[in-house]
Amino acid sequence: INPSRDEIEGLRCYDAIGSVPGPVDLAVVALGADKTVDAVQSCADAGVRAVVLPAGGFGEVDEEGTQRQDEIARIASAKGMRVVGPNTDGIANLANGAIGSIQPLFDEGIFSGSVGLVTQSGATASSLLYRLKLAGIGCKYYASTGNEIDLGLADYMSAMVQDPEVRIVLVYVETLRKPDDFRNVARLAMELGKPVALIKVGRSEQGARRAAAHTGSLAGADQLYDALFDSCGVTRVSEMSELVAIAKIFLTQGAPKTPGAGIISVSGGAAGALADKASEMGVPVPVIKEETEAKLSAALRFGAVFNPCDLTGEIATNPSLAQTIYDGFSTEEAIGNIIYARKHLTAGAGVAAARMLAESATQPGARPLSIYAMDGEIWGEEAKVYQEHQIPVFDNLNDLYTAISRLAWWSDTCSRPV
């Protein structure tokens, strides 16, 4: 809609929303706050079903802004028109290309997938979308809630959770305006076997103050939020990389039944470091049974096998060792996820080990396998093996252990009566 032009980039312009032929499902009102109220009234009069309001300058700013958004809510309610925002980056369905968003990242190859993303911070969402893309994870739905004068966080979550193609929902929260609605949707997600993982800002006084200034929200007592999240199976983390890690683990191997980690390493020093970090983060490194130790130690020429296991330099000449230890650890009930800490090995040993590990890890009922890239990355044919077999690779132990522990907690919570 542009009264000053007949055409923009080959698309016809209309002088007013009422001049558009046929019904309009969605209008994005790309105007300043001072002009948005009148534009919303025009949309309502024209029978538009929903509007996206990107402009700031409403309830998050001052009393005048609050009065403006209250008027918008009144206009929309009278006509049965739904409102996204104001102060929002918009909404998008990446599966069918319906983009009602001002986010520039949608021109940069963000693709559809099994994630639903709801956020109360548009800028943070764009970063998270790009991180998901870099991890090879697609996002089907995206919603930036803004000031939530009509549609709110729980409404978007509800739509995503009930879509069979969405397997996990990631959320960035500043406040819960309707905690009961949130709890109901989160419990529905548990019933459907879909994790809800989120970042909730406001733990500190400074964080709470920033949240209030951003969307006009009141952060509330943080302990109450933790209690709410725990009661409905919502897993809370503190960094975007942890949200991506949770999605990466869940979408490739589901949730571990137990947080116990079996550690296999090409380096004795790294094996100890991985075990120390696991202990620090509350991830158990279970002692394996004596008969398992004896059986596996027979396969290793130097040293004894226990958890964590050092494959020693023998892995460079006998790459099947990694598979042998993996298969043995897989028989241990206390181990829910096996981690292979690897570095680049010469003469193709790394690729050979990867292929044999992938062969075992992709068998029905196999123990979930995650790769820790000691070098910071994996390249070439070895990287291709893990990618083709959807075996997740991490360069950060904090993210890996957070994903394992939180998903194991979620799995346990889902198994309990509500």
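I take a residue as buried under 20% relative accessible area, as exposed over 50%, and as partly exposed in between. I keep in mind throughout that this is a predicted model.

**Entry 1, L26.** I looked up L26 and found a relative accessible area of 37%, so I enter L26 as partly exposed. L26 belongs to strand β3, which covers residues 26-28. I then asked which residues make the nonpolar surface patch of about 230 Å². The patch is formed by L26, together with V28 and I102.

**Entry 2, burial of β15.** I turned next to strand β15, residues 337-342, and went through the strand residue by residue. Six of the six residues are buried, and I therefore note that β15 is largely enclosed by the rest of the structure. Checking the two faces separately, I found N337, I339 and A341 buried on one side, and I338, Y340 and R342 buried on the other, so that both faces of the strand are covered.

**Entry 3, neighbours of β15.** Which strands pair with β15, and in what sense? Strand β13, residues 261-265, runs parallel to β15 and is joined to it by five bridges; in this pairing I located I338 of β15 as the bridge partner of G262. Strand β16, residues 369-373, also pairs with β15 in the parallel sense, again over five bridges, and here I found that Y340 has I371 of β16 as its bridge partner.

**Entry 4, the connection to β16.** I finally followed the chain from β15 through helix α12, residues 349-361, to β16, and I record these three elements as a right-handed β-α-β unit.

Technical notes: Residues are numbered from 1 along each chain as its sequence is written. This is a predicted model: local features need pLDDT of at least 70, side-chain atom pairs count only at pLDDT 80 or more; totals for chains, interfaces and linings use all residues. Side-chain values use heavy atoms; hydrogens and water are left out. Buried means under 20% relative accessible area, exposed over 50%, partly exposed in between (1.4 Å probe, protein chains only). Two strands pair if DSSP finds at least two bridges between them. A crossover is right-handed if, with the strands pointing away from the viewer, the path from the first strand over the helix to the second runs clockwise. Patches are made of residues with over 30% relative accessible area and no salt bridge: like charges are joined within 9 Å, nonpolar side chains (Val, Leu, Ile, Met, Phe, Trp, Tyr) within 5 Å. Accessible areas come from the Shrake-Rupley method with a 1.4 Å probe; for residues, only the protein chains shown count as cover. A salt bridge is a side-chain nitrogen of Lys or Arg within 4 Å of a carboxyl oxygen of Asp or Glu.
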